[in-house]
Amino acid sequence: MRAGRIDDEETRSQVLRLLRESSHPFLSGQELSRQLGISRAAIWKQIEQLRNLGYDIVAIPARGYHLQAGPERLTPAELRQGLQTALVGRDIHCFSSIPSTNSHACQLAEGGATEGTVVVADAQSAGKGRLGRSWASPPGVNLYLSLILRPPVPPREAPLMTFLSSLAVARTIEDVTGLVPTVKWPNDVLLNGRKVAGLLNEMSAESERIHYVVLGIGLNINMRADEFPADLRYPATSLLLATGSLQSRLALCRRLFAELDELYRDYLANGHEGIMNGWLRYFDLLNVMVEVFDGHGSQRGRVSGVADDGALLLLGDDGAIRRILAGDVRPVPAVDPT
Ligand code: BT5
């Protein structure tokens, strides 16, 4: 199954390469099929997939195919098409390459940028993970974006914003692919146990007031296996690897804006419950025995829930509930009684 998907992907890039390199404006289906050794129907299937991705390919009977433009470009004008958000994407800044969308969004926020401003990049040269780690950000395949929010709440409520962004990503993935992802506490979104999105939130605040939060989202969309760094901390995946199909980055980005917008407005109007209940639907460790590693040591317990402020609640053997504020949570493998 996996090999079939990868073959499909390779065929698609071969079709694209031949269309790009053709010395004639049109390349016939017959010629493509001869050069790639596959049927004309299979060529047609790949052309359709490329079109779905926003490649503008003209097909004229008896002449063949001509590539007008591509790949789909993440531009403010494209992203605004059909976007029906009240807040998210009010102001959109797009870059073909930038060190980090989060760093740029923080600078914009310092300069007074309005809430709902987003920074989107096709590639990042210094994409940031947490704790000084880095985020692989190759061009043309994924989504790297940062959203500036200014919630009128005290800084202790800021962790909720992480749940908001992972829920928005999980919903977007489910809407677009039909696959149901899981959310990892306190952030990350996984598909089949592999990391498909990473989240990095940064905040500027004083004791009772948040100046701004920047929600950074990296979502692996059309990334191929050979584009991942070799030394990953956890297994990783992309929507392409999980589904076998290329996805439109523009459509996904618009969907993500809409989910973020809806969740944030609901939070401002009705409080944190919508976010937490929504997030728990994608959380698969409730009532599961886990081990939490916090850099110093580890502790075990059964997950009994997540507190309003985002702390993980762990029920220990002694019956006491412990609040975990940070750490890496892993399920404890069940012991085979035989
Ligand atoms: C994260 O950090 O998961 C947060 C990643 C946030 C990235 C977005 S992109 C837009 C915005 N602008 C930025 O500069 N950043 C945000 P962490 O949990 O520390 O995970 C980092 C680790 O994930 C790395 O050390 C690698 O092992 C692994 N990794 C790196 N790139 C990856 C990728 N594209 N997909 C999956 N795993 C990756």
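How do strand E12 and strand E13 pair, and over how many bridges? Strand E12 (residues 312-315) and strand E13 (residues 321-324) run antiparallel to each other and are joined over four bridges. The model is predicted. The points below cover the ligand site, this hairpin and several salt bridges.

**Ligand contacts**

- The ligand is surrounded by 28 residues, and those that come nearest are Ser 100, Lys 128, Arg 130, Arg 133 and Lys 195.
- Lys 195 places an N or O atom of its side chain 2.7 Å from an oxygen atom of the ligand.
- For Lys 128, a backbone N or O atom lies 2.7 Å from a ligand oxygen atom.
- At Arg 233, a polar backbone atom is 2.9 Å from an oxygen atom of the ligand.
- The ligand taken alone exposes 790 Å², and the protein buries 97% of that area.

**Shell around the ligand**

- Two or more residues of the shell come from each of helix H5 (101-110), strand E5 (143-149), strand E8 (194-206) and strand E9 (209-219).
- Strand E8 gives the largest share of the shell, with four residues.
- By residue class, the shell holds twelve polar, ten nonpolar and six charged residues.

**Hairpin of E12 and E13**

- Five residues lie between the two strands of the hairpin, and Gly 319 takes a positive phi near 85° in it.
- Across the pairing, Leu 314 stands opposite Arg 322 in E13.

**Salt bridge within helix H2**

- The count of salt bridges in the model comes to 15.
- One of them joins the side chains of Glu 31 and Arg 34, with an N to O distance of 2.8 Å.
- Both Glu 31 and Arg 34 belong to helix H2 (residues 29-36), where they are three residues apart, about one turn of the helix.
- Glu 31 counts as partly exposed because its relative accessibility is 24%.
- Arg 34 has 59% relative accessibility and therefore counts as exposed.

**Salt bridge between helix H8 and strand E4**

- Arg 249 and Asp 122 form a salt bridge in which the closest N and O atoms are 2.7 Å apart.
- Because Arg 249 lies in helix H8 (residues 249-270) and Asp 122 in strand E4 (residues 118-124), the pair ties together parts that are 127 residues apart in sequence.
- Arg 249 is buried, with a relative accessible area of 3%.
- Asp 122, at 18% relative accessibility, also counts as buried, since the limit for that class is under 20%.

**Salt bridges between helix H8 and helix H6**

- The side chains of Arg 255 and Asp 175 meet in a salt bridge with an N to O distance of 3.0 Å.
- This pair links distant parts of the chain, as Arg 255 is in helix H8 and Asp 175 is in helix H6 (residues 159-177), 80 residues apart.
- Arg 255 counts as partly exposed at 33% relative accessibility.
- Asp 175 is partly exposed too, with a relative accessible area of 46%.
- A network of salt bridges links Asp 175, Arg 255 and Glu 259.

Key. Residues numbered from 1 in each chain as written. Predicted model: local features only at pLDDT ≥ 70, side-chain atom pairs only at ≥ 80, totals over all residues. Heavy atoms only, no water. Near = heavy atom within 4 Å. Polar contact = N/O pair within 3.5 Å; in protein donor to acceptor, adjacent residues only side chain to side chain. Areas by Shrake-Rupley, 256 points an atom, 1.4 Å probe, with all protein chains shown as cover. Nonpolar A, V, L, I, M, F, W, Y, C, P; charged D, E, K, R; others polar. Pairing = 2+ DSSP bridges. Salt bridge = Lys/Arg side-chain N within 4 Å of Asp/Glu carboxyl O. Buried < 20%, exposed > 50% of the residue type's maximum accessible area, 1.4 Å probe, protein only.
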